[in-house]
Amino acid sequence: MRRLRDPQTGCPWDIEQDFASIAPYTIEEAYEVADAIERQSWDELRGELGDLLLQSIYHAQMADEAGLFDFEDVAREIGDKMVARHPHVFGSDTTPKTAEQQTADWEAVKAAERAGKAETRTLDGVALGLPALLRALKLQKRAARVGFDWPDTGGVMDKIVEESRELAEAIDSKDTDHIAEEYGDLLFVMANLGRHLGLDPEAALRAANAKFVRRFNAVEDRLQQLGKRPEQSTLEEMDALWDAAKRAERDISD
């Protein structure tokens with residue numbers, strides 16, 4: 001990476017990059033790691049982990065050039081963090097713990113770390129750069145720890161009905177800013193429902209995406225057998241083929 005970034009002999013593209021321009025690639029590579037795991041493609045996972053590691057090296061090299069830190073500092077900091085957050089493994093605390101107890105202890109240590117950074121509010125430190133759905137989930141978890149949460153899914157379902165009604169009213173008003181606001185509120189509550197149900201909203205949406213691709217591909221395959229493309233078909237015809245694809249999936253699962 002030092003050679004790639006060398007101002008005299010490096011790659012022009014790599015030389016031009018900065019933290020902001022590389023950040024989207026870092027996020028993309030993390031998602032590609034998750035995708036390989038989802039598909040249990042272990043050969044691909046090896047390569048994707050390498051791509052993700054490259055992103056850490058890239059950022060560390062740019063930081064080194066700016067006199068901020070280097071890759072050794074990055075590795076040392078995560079090592080120190082793991083030691084500090086696992087006193088029952090690396091320290092004198094030998095008390096047997098369940099995974100739930102360790103999670104609680106982990107959160108307590110993180111809270112102390114945030115206090116040391118003058119992050120005194122409950123929601124401080126939840127990264128702005130997270131994907132919106134993941135950030136919503138983290139914000140809700142933080143608020144729930146201090147008691148700001150519905151006791152069960154019933155309250156969340158009632159809120160979904162309320163937000164759906166408000167979105168319908170906003171649509172009727174044709175106020176685009178109001179529509180966007182109410183749509184965001186509904187998405188936020190849907191993420192909260194996932195948390196209450198013990199579901200990962202991101203994973204659930206990925207599964208829904210995969211299902212949509214699978215069924216639409218079946219529609220497209222059937223149209224091809226009929227000598228058509230989707231744009232040459234009608235919505236009614238495609239909808240009927242969609243229902244047929246759903247029935248076929250159910251028959252296989254049964």
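Start by selecting Q40, which sits in the loop between α2 and α3. You are looking at a predicted model, and Q40 makes a good first stop. Its phi is near 55°, a positive value in a residue other than glycine. Most residues other than glycine have a negative phi. Is Q40 buried or exposed? With a relative accessibility of 56%, Q40 counts as exposed, since the cut-off for that class is over 50%.

**The helices on either side of Q40**

Now extend the selection to helix α2 (residues 19-38) and helix α3 (residues 42-65). Two packed helices are described by the angle between their axes and the distance between the axes. For α2 and α3 the angle is about 160°, and the axes are 9 Å apart. That angle makes α2 roughly antiparallel to α3, because values over 145 degrees fall in that class. The crossing of α2 past α3 is left-handed.

To see the contact itself, show side chains on both helices. On the α2 side, pick F19, I22, A23, Y25, T26, E29, A30, E32, V33, A36 and I37. On the α3 side, pick W42, E44, L45, E48, L49, D51, L52, Q55, Y58, H59, M62 and A63. Try colouring these by residue class: the α2 and α3 contact divides into 15 nonpolar, 3 polar and 5 charged residues.

**A stop at V74**

Move along to helix α4 (residues 71-85) and select V74. V74 counts as partly exposed, at 34% relative accessibility. Which residues does V74 touch, leaving aside its neighbours within four places in sequence? The answer is A60 and F69. For a sense of scale, draw a distance from the C-alpha of V74 to the C-alpha of R195: the two are 32 Å apart in space and 121 residues apart in sequence.

**R195 and the crossing of α7 with α9**

R195 belongs to the next contact, on the α9 side. Select helix α7 (residues 132-145) together with α9: their axes come within 9 Å and cross at roughly 65°. Here α7 passes α9 in a right-handed crossing. The α7 residues to display are L133, A136, L137, Q140, K141 and A144. Their partners on α9 are F188, A191, N192 and R195. By class, this contact of α7 with α9 holds 6 nonpolar, 2 polar and 2 charged residues.

**α9 again, now with α8**

Keep α9 (residues 176-196) on screen and add helix α8 (residues 153-173). What is the angle between α8 and α9? They pack at about 165°, with their axes 9 Å apart. So α8 is roughly antiparallel to α9. The crossing of α8 past α9 is left-handed.

For the contact residues, show T153, V156, M157, K159, I160, E163, S164, E166, L167, A170, I171 and S173 on α8. Then add H178, I179, E182, Y183, D185, L186, V189, M190, N192, L193 and H196 on α9. The contact of α8 with α9 comprises 12 nonpolar, 6 polar and 5 charged residues. One residue to highlight is N192, which is part of this contact and also of the one between α7 and α9.

Before leaving, click on K174 in the loop between α8 and α9. Phi of K174 is near 60°, a positive value in a residue other than glycine. K174 counts as exposed, at 67% relative accessibility.

**The aromatic cluster**

For the last stop, select F212, F216 and W242, which ring pairs link into a cluster. How many aromatic pairs does the model have? The count comes to 3. Begin with F212 and F216: their ring centres are 6.1 Å apart and their planes are at 15°, so this pair is stacked. Both residues lie in helix α10 (residues 201-225), 4 residues apart, which is about one turn of the helix. F212 is partly exposed at 48% relative accessible area, and F216 is partly exposed at 29%.

Next, swing over to W242. F212 and W242 form a tilted pair, 5.4 Å centre to centre with 50° between the planes. This pair links distant parts of the chain, with F212 in helix α10 and W242 in helix α11 (residues 235-253), 30 residues apart.

Methods:
Residues numbered from 1 in each chain as written. Predicted model: local features only at pLDDT ≥ 70, side-chain atom pairs only at ≥ 80, totals over all residues. Heavy atoms only, no water. Axes fitted to C-alpha atoms, helices over the stretch in contact; angles between N-to-C directions. Helix = DSSP H or I, 4+ residues; strand = E, 2+ residues; numbered from the N terminus. Parallel < 35°, antiparallel > 145°, perpendicular 65-115°, else oblique. Left-handed = near helix turned anticlockwise from the far one by under 90°. Contact = heavy atoms within 4.5 Å. Nonpolar A, V, L, I, M, F, W, Y, C, P; charged D, E, K, R; others polar. Phe/Tyr/Trp six-rings, centres within 6.5 Å; stacked < 30°, edge-to-face > 60°. Buried < 20%, exposed > 50% of the residue type's maximum accessible area, 1.4 Å probe, protein only.
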